[in-house]
Amino acid sequence: VLLGINPEAQIVDLSHGIAPQDVWAGALVLRQASRFFPTGTIHVAVVDPGVGSNRRPLLIDAGGTFFIGPDNGIFSLVLGESARHQIVELSNPHYHLIPKSGTFHGRDIFAPVAGYLSLGVPAKDFGEPVENIVKLSWPAVAAVDQELHGEIVYIDRFGNLITNLSDRDLKIDDPASVEIRLGDRVIRGLAKSYADGAGAELIAVVNSWGLLEIAQFSGNAQMKTGANVGDKVYVGKRETRYV
Amino acid sequence: VLLGINPEAQIVDLSHGIAPQDVWAGALVLRQASRFFPTGTIHVAVVDPGVGSNRRPLLIDAGGTFFIGPDNGIFSLVLGESARHQIVELSNPHYHLIPKSGTFHGRDIFAPVAGYLSLGVPAKDFGEPVENIVKLSWPAVAAVDQELHGEIVYIDRFGNLITNLSDRDLKIDDPASVEIRLGDRVIRGLAKSYADGAGAELIAVVNSWGLLEIAQFSGNAQMKTGANVGDKVYVGKRETRYV
Amino acid sequence: VLLGINPEAQIVDLSHGIAPQDVWAGALVLRQASRFFPTGTIHVAVVDPGVGSNRRPLLIDAGGTFFIGPDNGIFSLVLGESARHQIVELSNPHYHLIPKSGTFHGRDIFAPVAGYLSLGVPAKDFGEPVENIVKLSWPAVAAVDQELHGEIVYIDRFGNLITNLSDRDLKIDDPASVEIRLGDRVIRGLAKSYADGAGAELIAVVNSWGLLEIAQFSGNAQMKTGANVGDKVYVGKRETRYV
């Protein structure tokens, strides 16, 4: 649909690996990936269980980088990084396919809008301005006594358990002194790479998203632990033990 | 292979998600997707269990849109939509890789032919004209008494159960009065979107292919029902009940 | 990352289907696929369990075709085919993302180096010359009495069991006389295509990689046999039987 409108468009298939209906995972992956694309990129995100309902189709101009998709929270984490943005509800049917289905707006609305936008149609032509959009919130990290309480927010296809604890939360002066707990498992010290954990049951590492991740070297931490998104992860200082 | 012949070719990976050897699913997806591509597109379809046997490799010129692949029925549903087409058996080895394997004509025949065709080589140069090709037939919808008898023809990766009943078969004046049966499950009324079925066990909706689909909102109807391709689906008018 | 550096780069997603950490499978697929790309292609291979450790990041110039990735053996099978090559360790941080993570050098080193290389930066600018790299060796085929002893080296997504026995090992004058054994199963004769094996439990065929493959027509030989990579495969001459 997009290439039929703009044959010169360059399409990058960022991921077809988001689990069905998992808007939160889509929001996370979009945040991590979108900041490595050049300004001017048009990001089309279609994790859209509410397609055809009264959830609004959106175009967001975030300082010259664009996001197109449903108003279901999938853009929650990218807007946090941009102070100024203009939001439009895609209410102008002139830029939609006709007839329009009730089950696939990726094809019927988002793709053609992306095509026309890439040809230079101004954002305001696609519909009415919108003030607020649906936001999912980043789960808060709690500091309790000497411990940080976080949780698993995403599990990637390697089974790595990614938490909401960022490198800024951790502020660690002595990585070897850190103790991470997940269920009844305890990981001592922060690794710098997966290979640091060769031989260990599990490792903890600050990953390429800047988030604390529990992993297994050349293995699958999800299968090893049975952990799920939402499971609690605790980070404390390893106590000096007298033996 | 294709880019080695025509470095300017623009390749779109439409799907690598067709189940192995499922020619029928390939034919369905090709029909639904190909009509949204611009005229002049060359569609290469490689669901090809008969590769290396005497099944013929084909090039079809369907009014300036081209189809390349095996003569096994995968083009059954696209030709139904085009009144005039020219078919060539890819018998001219000048446009094949040498040596040619017996197990991967996607690489050895279809890709190079697509490359040379995109450079302007005329269709007739690739081999001999062919009159008829293998056709799979669309399962007929039967009207029995006041009911339509159809079946599941495809199950997508979300577990949606797609039937052979089209919007033209349904001709529904009162969507709320329709009753759909699959096994011992009964769905009352047609939804306009998946979200219409929030809270319901299953919904029925006319999907983006124009076909009746049984789905579960934010769920997986295949896992819910255990249904398979070929299972019967009945559509009738909901009886007025006196209670 | 790459398109941010060179917006004109043409990216081909060769495979996202290599199993996690399976360097050997990556090396095999890279060998089979890379020789069909035009000279000048830059191949980026990221099966990289040792990311962030002291394993070296590499750029290899193999006669004008380039390979970028970790020094873990993934380039073992492509260098065997090129007599002359120049190898550079990617030690120059000028061409890396900053900050650089310890878990994703595909993003932080390999992609930006590929981008700058595609813009014409000479290979030597990316770091220091390297003499030797990690090599995985092709499992040897043994000839014992009248039999060849090989093994399964790869299983593709169709469940085809691909062995280390090449068409050159086989040198078969009478394909019908060959007998192939895998566990307690015996396959008589070499097929020319999968369809040759219609009706048979299993077939053996020289595949598009030039390797002996055990397959099931319109089926999955891995599921049929339960075989794994490393399982032994024996090829002998069928004995003349007097009945």
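Colleague: I'm new to this one, so let's start where two chains meet. How many residues does the contact take from chain A and from chain B?

Modeller: The contact draws on 20 residues from chain A and 17 residues from chain B. Keep in mind as we go that this is a predicted model.

Colleague: And how do I put a size on an interface like that?

Modeller: The size of an interface is often given as the accessible area lost when the parts come together. Here, about 1,400 Å² is buried between chain A and chain B, and carbon and sulfur atoms give 59% of that. On the chain A side, the residues that lose the most area to chain B are Gln21(A), Thr103(A) and Arg107(A), which together make up 35% of what that side buries.

Colleague: What holds for charges and polar atoms there? How many salt bridges are there between chain A and chain B, and how many residue pairs are in polar contact?

Modeller: The salt bridge count between chain A and chain B is zero. For polar contacts, the rule finds four residue pairs across this interface, with both residues at pLDDT 80 or more. You can also sort the residues by class: the side of chain A that touches chain B has ten nonpolar, nine polar and one charged.

Colleague: Now the other neighbour. How many residues of chain A are in contact with chain C?

Modeller: On that side, 17 residues of chain A meet 20 residues of chain C. The area buried between chain A and chain C is about 1,400 Å², with 59% coming from carbon and sulfur atoms. Phe36(A), Arg157(A) and Ser208(A) supply 35% of the area that chain A buries against chain C, more than any other three residues.

Colleague: Which classes of residue does chain A show to chain C?

Modeller: The side of chain A that touches chain C splits into nine nonpolar, six polar and two charged residues. Between chain A and chain C there are zero salt bridges, and four residue pairs are in polar contact across that interface, both at pLDDT 80 or more.

Colleague: How do I read the way the copies are arranged? What turn lays chain A on chain C?

Modeller: The trick is to look at the turn and at the shift along its axis. Chain A goes onto chain C by a turn of 120 degrees and a shift of 0.0 Å along the axis, with an RMSD of 0.0 Å. The two copies are therefore related as by a three-fold rotation axis. Chain A is superposed on chain B by a rotation of 120 degrees with 0.0 Å of shift along its axis, and the RMSD is 0.0 Å.

Colleague: Back to salt bridges. How many turn up over all chains?

Modeller: Searching the whole structure gives 24 salt bridges over all chains. One of them joins Asp108(B) and Arg107(B), whose closest N and O atoms are 2.6 Å apart. Asp108(B) and Arg107(B) are both buried.

Colleague: Can you walk me through a couple in chain C?

Modeller: Sure. Glu151(C) and Lys232(C) form a salt bridge, with the closest N and O atoms 3.5 Å apart. Glu151(C) sits in strand S7 (residues 147-155) of chain C and Lys232(C) in strand S13 (residues 232-237) of chain C, so this pair ties together parts that are 81 residues apart in sequence. Another salt bridge brings together the side chains of Arg188(C) and Glu179(C), at 2.9 Å from N to O.

Colleague: How do I decide on burial? Why does Glu151(C) count as buried?

Modeller: You compare the relative accessible area with a cut-off: buried means under 20%. Glu151(C) has 18%, so this residue is buried, whereas Lys232(C), at 43%, counts as partly exposed. In the other pair, Glu179(C) is buried at 15% and Arg188(C) is partly exposed at 46%.

Colleague: Let me try that on a strand. Where is His43(A), and is this residue buried or exposed?

Modeller: His43(A) lies in strand S1 (residues 42-44) of chain A. With a relative accessible area of 6%, His43(A) is buried. Leaving out residues up to four places away in sequence, His43(A) touches Leu30(A), Ser34(A), Phe37(A), Thr65(A), Phe66(A), Phe67(A) and Ile68(A).

Colleague: And which residues does Ile42(C) touch?

Modeller: With the same sequence neighbours left out, Ile42(C) touches Phe66(C), Ile68(C), Ala114(C), Leu117(C) and Ser118(C). Ile42(C) belongs to strand S1 (residues 42-44) of chain C and is partly exposed, with a relative accessible area of 24%.

Note on methods:
Residues are numbered from 1 along each chain as its sequence is written. Chains are lettered from A and ligands numbered from 1 in the order in which they are written. This is a predicted model: local features need pLDDT of at least 70, side-chain atom pairs count only at pLDDT 80 or more; totals for chains, interfaces and linings use all residues. Side-chain values use heavy atoms; hydrogens and water are left out. Copies are superposed by least squares on the C-alpha atoms of residues with pLDDT of at least 70 in both. Contact means heavy atoms within 4.5 Å. Buried area is the accessible area (1.4 Å probe) that two parts lose on being put together, summed over both. A salt bridge is a side-chain nitrogen of Lys or Arg within 4 Å of a carboxyl oxygen of Asp or Glu. A polar contact is a pair of N or O atoms within 3.5 Å; within protein, one must be able to donate a hydrogen and the other to accept it, and residues adjacent in sequence count only if both atoms are side-chain atoms. Ala, Val, Leu, Ile, Met, Phe, Trp, Tyr, Cys and Pro count as nonpolar, Asp, Glu, Lys and Arg as charged, and the others, Gly among them, as polar. Helices (H or I, at least four residues) and strands (E, at least two) are DSSP runs, numbered from the N terminus. Buried means under 20% relative accessible area, exposed over 50%, partly exposed in between (1.4 Å probe, protein chains only).
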